[in-house]
Amino acid sequence: MDARYKSREIERRSLDVDGLKRSFLEWLVYSVGKDARAATRRDWFHTVALAVRDRVVDRWMDTTRSYYHEDAKRVYYLSLEFLIGRLLTNSLSNLGIINECRQALDRLGLSMDDVADSEPDAALGNGGLGRLAACFLDSMASQGLPGYGYGIRYEFGLFEQRFEHGWQVEYPEQWLQFGNPWEFARPEVLYPVQFYGRVEEFRDSVGERAYRWVDADRVLAMAYDTPVVGYGGDTINTLRLWSARATRDFNFGHFNDGAYMKAVEQKILSENLSRVLYPNDATETGKELRFKQEYFFTSASLQDILRRYLQHHTSFDNLPNKAAIQLNDTHPAIGIAELMRLLVDQHALRWDAAWEITRATFAYTNHTLLPEALEAWPVRMVERVLPRHMQIIYEINAKFLNRSKARGTGDNAKLSRLSLIDERGDRRVRMGNLAFLGSHKVNGVSALHTDLMKQTVFADFHEEFPDRINNKTNGITPRRWLKQANPALSELITSRIGEGWISDLEQIGALKEKADDLVFREEFRRAKRKNKKRLAAYIARQTGDEVQVDSIFDVQVKRMHEYKRQLLNVLHTVALYNEMRDNPTVSWVPVTKIFAGKAAPSYHMAKLIIKLINDVAKVVNHDPSVHDNLKVVYLPNYNVTAAEIIIPAADISEQISTAGMEASGTGNMKLALNGALTIGTLDGANVEIREHVGPDNIFIFGMTADEVNDLRASGGFNPREVIASNPSLKRALDMISTGVFSPDDRNRYHPILQALTDGGDHFLVTADFADYCRAQDAAMELYRDSEEWTRKAILNTASMGWFSSDRTVNEYAKEIWDVHPVKPVHEGEGFR
Ligand code: Z16
């Protein structure tokens with residue numbers, strides 16, 4: 001081999017400062033095509049990312065090869081969303097070369113932070129569900145589990161949120177505009193996906209009835225692979241995202257008409273499939289394009305999974321021993337019918353054998369009980385878009401209902417609830433029922449949520465299949481959410497207990513005894529203060545607001561939704577504003593209320609609440625009579641990158657959903673891990689957070705899920721009475737309704753007032769208001785005692801070990817997937 005070539009080979013892998021620096025210069029010139037004088041920050045980001053990618057590729061191939069050689073059982077995580085965020089710091093940190101990289105850039109006169117800040121935030125998800133998928137990828141790779149993510153490479157991620165006159169306005173999120181250095185296009189990994197057409201019946205070679213899907217439109221799914229770097233860099237897994245490509249076969253009807261351009265245009269339109277992420281969390285709009293996206297990525301993924309399986313196997317009997325497919329919500333649930341179709345129509349398996357294999361392969365995670373979020377596609381649409389799948393769904397349903405009847409489920413009402421088809425009104429396919437029936441395990445995402453699944457949406461199924469529902473409480477990756485996002489606290493923790501916590505978060509429990517150590521408390525406060533300064537600077541840059549670092553940073557960051565009750569938080573804000581004005585001589589603890597989160601573009605009430613918060617901010621922040629003791633900030637465009645700055649700086653974590661409505665929450669875990677005290681309802685994983693941190697270290701308020709259920713069952717309550725009997729609530733609502741915060745449009749907030757009164761206050765904002773204020777007061781009082789506050793904050797951080805997504809993923813691996821870690825054999829040179 002040419003000596004120059006050989007030395008470059010080694011350069012590409014070297015992990016020391018000099019090697020990195022030489023490698024950067026090489027990439028900048030020969031791949032980015034700039035010299036150091038002309039290079040922009042973005043050029044440097046691309047340069048560094050490409051050089052880092054070099055350090056990943058050998059181990060990535062080693063990992064993939066090891067899985068192949070061992071014919072290991074793989075887990076395939078099918079998700080319509082992966083909320084990845086930025087990858088540069090994550091990759092460097094997991095590879096263990098972040099300091100080397102910083103120094104190499106230093107020698108080039110560059111700041112690592114500036115370079116990292118030039119990376120766009122990959123927002124291929126809406127919120128919790130998408131971020132959970134990203135945390136799981138990190139945890140699978142960090143524990144050496146053979147896990148693949150499959151999803152869609154959206155050209156436009158979740159919209160960019162800006163405020164215009166306090167109103168949310170959406171802009172396209174063009175994360176791929178300048179290219180994506182992390183991904184590898186695989187133009188040879190291409191699968192056809194069909195839509196429309198019709199089904200033909202015929203007799204197969206042994207005279208059996210068989211079906212053929214004909215005259216369908218075709219789109220191609222093309223793979224893009226992104227390496228997923230596990231902590232320590234030993235295992236590098238793969239996230240495979242599909243992009244839609246037009247086929248080259250033209251519609252000859254159009255062609256012969258001479259309408260060549262029309263034929264080409266139609267093909268190009270098929271590429272719209274992977275154009276944009278639907279911006280709804282926890283609501284379904286029922287759009288045909290969304291259904292087609294779901295089938296598109298599910299079909300391509302299943303074809304890819306079967307191709308990989310068939311490299312080692314000739315019969316499908318072993319598929320469940322070699323592949324576990326996890327359905328992240330019902331979005332990929334059409335995969336159950338698709339696998340049946342592939343096995344029965346394309347590989348000529350008998351129905352019963354195919355069904356057994358399918359059920360043993362799939363498992364399903366439910367993320368919500370909200371009825372508006374449970375997917376139910378009109379039968380008329382499914383039979384038009386996927387005619388063969390509609391037949392298969394009918395067949396699954398008929399066999400299931402017949403068997404249930406034979407087993408003695410005589411109750412017709414129950415049978416109609418179990419049916420895959422909702423026969424009321426326009427007929428619809430219940431995707432949750434399909435996912436349940438086609439899976440061997442079905443899980444909820446917190447203990448409470450799983451219990452409620454058994455009692456409500458899946459009560460009938462639970463009776464039929466009592467062993468199928470199980471709980472897997474969500475978790476978060478400590479690498480991104482503590483080590484990377486909070487270097488100040490991470491370094492403090494490591495200085496006391498070593499760095500074992502990074503890959504084994506339970507070790508953080510060793511900090512509990514440090515809560516009584518005066519010096520440790522002082523250093524813990526110093527780390528928090530540093531993060532608060534960083535956030536204050538970010539706020540100043542984003543909104544122009546000046547906030548006091550010594551005030552309580554009270555944080556509510558999450559998607560904007562009525563059930564999450566940001567409205568309750570604003571009402572308390574207005575009440576606090578009034579108290580401060582009424583009692584100017586009291587020495588108030590200064591409070592900064594920090595909000596961030598996007599509303600679905602068509603969710604008018606959520607957008608109106610954003611406007612209300614911005615309107616309240618405008619009045620409160622400029623009122624001299626509160627002496628800067630209260631500030632309200634709404635940070636625009638909340639995303640993973642913003643979360644990494646906001647969360648480490650929080651003193652209070654607002655987790656105030658109406659009990660029974662938040663399936664789990666994961667922001668609650670990130671905030672508590674970073675030492676914020678929670679003000680929360682007994683909802684979702686808050687219940688388990690209380691168990692771990694202890695009831696003295698969390699502020700719980702409000703009705704329980706059982707109380708909410710009973711209240712609703714007994715016909716609700718009268719919010720007007722509650723309002724009338726609470727002067728502070730009444731005054732806050734009167735101010736909002738008379739236009740104190742909206743002098744330019746005094747009626748602006750009538751829809752909100754309406755919902756809280758005549759509307760029956762479905763989310764129980766007024767019902768929980770008094771107890772919420774009590775919890776807020778208790779928190780403010782405690783904050784005056786800085787030592788006691790810090791003690792509790794430390795106990796929060798120290799008690800969150802169980803909420804690592806490593807624990808969650810391990811439970812899935814053992815109790816659902818039956819997959820085991822594989823130690824990759826590294827063939828490449830240069831590995832430490
Ligand atoms: C989503 O993010 C969630 C549920 C859902 O049906 C759709 C979307 Cl996009 C969230 C839940 O609301 C949240 O409680 C949970 O923590 C998260 O999924 C992950 O399980």
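## How the labels in this model are earned

Six strands, in the order β21-β20-β19-β22-β23-β24, make an open sheet with parallel pairing. The model is predicted, so local features need pLDDT of at least 70 and side-chain atom pairs count only at pLDDT 80 or more, while totals for chains, interfaces and linings use all residues. Residue numbers start from 1 along each chain as its sequence is written.

Q: What makes β21 and β24 the edge strands?
A: Each of the two, β21 (630–635) and β24 (699–700), pairs on one side only. Strands here are DSSP runs of E of at least two residues, helices are runs of H or I of at least four, and both are numbered from the N terminus.

Q: How do you know that β20 and β21 pair?
A: Two strands pair if DSSP finds at least two bridges between them. Six bridges join β20 to β21, which run parallel, and Val 591 has Leu 630 in β21 as its bridge partner.

Q: Which strands does helix α22 touch, and at what angle does α22 run to β21?
A: Helix α22 (residues 518–543) packs on the sheet against β19 (552–557) and β21, and its direction makes about 70° with that of β21. Contact requires C-beta atoms, placed from the backbone, within 7 Å. Angles run from 0 to 180 degrees between N-to-C directions, with axes fitted to C-alpha atoms, for helices over the stretch in contact.

Q: Why is Gly 597 called buried?
A: A residue is buried if 20 or more other C-beta atoms lie within 10 Å of its own, exposed if 12 or fewer, and partly exposed in between, with C-beta atoms placed from the backbone. Gly 597 has 24 within 10 Å, so it is buried. You will find Gly 597 in the loop between β20 (591–596) and α24. Its contacts, leaving aside residues up to four places away in sequence, are Val 557, Lys 558, Arg 559, Met 560 and Tyr 638.

Q: How do you know that the span of α30 agrees with what is expected?
A: The expected span is 1.5 Å times one less than the number of residues. For the twelve residues of α30 (residues 727–738) that gives 16 Å, and the end C-alpha atoms are 16 Å apart, so the two agree.

Q: Why do the buried residues of α30 line one face?
A: Leu 729, Ala 732, Leu 733 and Ile 736 are buried in α30. Down the axis they fall within an arc of 95°, so they line one face of the helix. That arc is taken over the directions from the helix axis to the C-beta atoms. The face turned away from the buried side carries exposed Pro 727 and Asp 734.

Definitions and conventions: Two residues are in contact if their C-beta atoms, placed from the backbone, lie within 7 Å.
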